[in-house]
Structure formats: C-alpha cells, structure tokens
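Student: Pick one small part of this model and walk me through it closely. Then tie it to the rest of the chain.

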Amino acid sequence: MMIAPMIYCILPNIPLHIHDKYFKDLVSLIQQFLWGNSPHRLSSKKLQACAKRGGFLLPNFKWYYWMMNVKQLRAWIPTAPVKLIWSQIEMEVNGSISPWRELFDTSHKLTHPIIANAKILWCKLQRAGHWDFVKSPSATLWGNKGIFFYVSELFDCGTKCFLSFGQVVQVYKLKRNQFWKYVQIHSSLSKWQGTPLSCPVASPVEVLLSRSSLGKGITSKIYHLLQDRLADPLLKVKGYWAQDLALDISLVEWDSCLHNVNTMYKEIGSRFIQIKIIHRWHRTPQRLYKWNLGPTDDYWRCDGQNASILHILWGCSELRDWWENIMEVIFSVWKRRLGISLKLSILGITEPRRGHGRKKN
Ligand SMILES: [Zn+2]
C-alpha cells in the first residue's frame, strides 16, 4: 500500500471535521480498483476485517482519522502528566474549563471549531465501539459547573461507594438544606446504573488515553479494540458452510479454520486459494446459472447437474481418486492414516490447540 502512508500523513494534521462521505468515496475508489466494473465479490467490512476473522487487513481510513485526532485529546485530561501549549490555548478559549469536560457534556453546543470537531469524533468513536461514554466517571452532572464537575467525585476513591450526604456536605462545604438536591442526584444516577450505586467504569479508550502519556501505539491499540467490538463479518459465511456440510461448526472450529489459513500455508498463492474457498468466492455453475450468466447449471467436468461449491470441491465423482491420493500422500509422510473429514479437507479445521480459543468480549 503506497497510498495509505500519504493519507495517514494528512489525517492527523486536520483538526477540522472531515465528512464521512470522503471516506465512503475512498472505499469506492479502492473497490473500483479491485473489482473494476464487475460485481464486488467482498464487502468493505470483509476487506477491512483482521486476519484472525478472515479479513484482508485493508485499513479503515475513517477509523484512523478518528483515532489520530482522539489520541491528541489526552493532553486535555486533568491528570495528564504533560500539558502541551496548544491545550492551554484551548482551555482559555473554553472559558478556563478543560475541553475534556466538554466531551461528556450533552447540555450545550460548542462554538469553537476544533473543540466541536474533537467532540464529534469522540462521540463517533465511542458509538462505533458500543461504549456508553455518557456513563463514564468523567461524565458531567447536568452541565452544573459550580458544584460537581464529574460523576466520579460523588464516589469514595477507595471503596467506590456513593458518598453519604454528611460526607458531601463536609467535602464540598454545602449547606444542609441542599439535601433534596443530593436525593435528586442519587435518584438520577440510580436510573442509569440501578442499585446499589457504584462508581461508573470508564470506556477502554478513556482508560487507554489516561494511561498513555507518550501516546506510543495508542492508535493501533484503539484500532484493535474497535475491531474486537464489531460483529463477525464472516458469521453468515460460517452459517452457509454449516448448512452445506450439514454439520455444526463451533466458534472454536471456525477460529481454527481462519487461524490455519495464515499458519499452514507458506506460499501466498495457496493461502489465497484457501481464503477464496472459505469466503465461497468461486462462481460455481449453480451460481452462474442463477445469475443468468450460464446456459445450464451442469458441471463441465462430470456433467453433473446443479453443481454447488460443495460438489466442485468434494462431492464430484471425478474428485474421488484425487482425494484418495491426497490421503495416501499424507499417510506416506505422517505414517498415520486419517479418516476423510469434510471439515479438515475443505475448511482446514483441525483439533484446536490450547490457548487458541476465541476470546470472550
Ligand atoms: Zn461432478
């Protein structure tokens, strides 16, 4: 990829909002380059997925744009060890209030273009990861700038329990006639979290930004966090294979199938062929006939009708000798006779090794 570094160079230097259409156009250009005028064989989600999910590692430029800008926001965190000069300027234009606070405040619109853009990107990133950032410990209380800045300040640092009214009066020097406001806040937070109340947990991105003062590797770490949160792009394909093979394919077996593609084949060409099989990329006579691109659905090797991908790879009578020869070769090398297995022969599913199971999200 010669073009990607050029785009990466520009994106972090634009603190103003780039519309989603720009990135859609970029993906369209790439699809056009890959497939030309023929129908697209893979969706952009499959192209952009990671290898362990059967994807092709095409960079998601929109995500990179979000992350390269969002990672700069760590300078706004009140506890940030390094305060950059520009963060002081933005604090001044924001009425001496840290712009970090504005990211969690839904009560008013921002007028400063850079802070407003940061907030838009922050919201998009959190929504893409399905993180409820409004329930963060940094969330503000109804835009109240006078008494409490963050929700976390209402909880005990050690026990993480909600402060009693006596503690709130003592810590924030309030009058005792403010009790009804205390009850109001307690009630509001209970609706969010249920009871008993405990200090909200920050989203993984927020945790990462507050920990990484130097910012090394933040972009790729957030990228991986987002990828893990997305729905599996090949879940439907797995279902089709299970239906065709009339076998149940567990998630562990499917992981083994995708993992083995990248480890079993040293040669890129063989790896690519296996990926194409897993993605059901081939245009079978059955499919061509369905699309009115072929006169019949007969297979030209055996004249069998309704030739599906399973027939071409496994069921065809012309392949029986070929599969038996493969098994003989394996026997001569390994000195162990394997039973012919559909899962192993077509999808390369082997017994899962320890430590290679799917991580629970
Ligand atoms: Zn056949």
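Tutor: First, a yardstick: a residue is buried if 20 or more other C-beta atoms lie within 10 Å of its own, exposed if 12 or fewer, and partly exposed in between, with C-beta atoms placed from the backbone. Bear in mind that the model is predicted, so local features need pLDDT of at least 70 and side-chain atom pairs count only at pLDDT 80 or more, while totals for chains, interfaces and linings use all residues. Numbering runs from 1 along each chain as its sequence is written.

Now zoom in on Leu57. With 10 other C-beta atoms within 10 Å, Leu57 is exposed. Leu57 sits in the loop between helix 3 (44–48) and helix 4 (61–70); helices here are DSSP runs of H or I, at least four residues, numbered from the N terminus. Though not a glycine, Leu57 has a positive phi of about 60°.

Arg280 makes a nice companion: not a glycine either, but its phi is positive, about 55°. Look for Arg280 in the loop between helix 14 (268–278) and helix 15 (285–290). Arg280 has 18 other C-beta atoms within 10 Å, so it counts as partly exposed.

Then there's Lys335, just after helix 17, with a positive phi of about 55°. Helix 17 itself (residues 320–334) has 15 residues and should span 21 Å at 1.5 Å a residue, and its end C-alpha atoms are 21 Å apart, which agrees; the expected span is 1.5 Å times one less than the number of residues. The number of buried residues in helix 17 is 0, so this helix lies largely in the open.

Key
Helix = DSSP H or I, 4+ residues; strand = E, 2+ residues; numbered from the N terminus.
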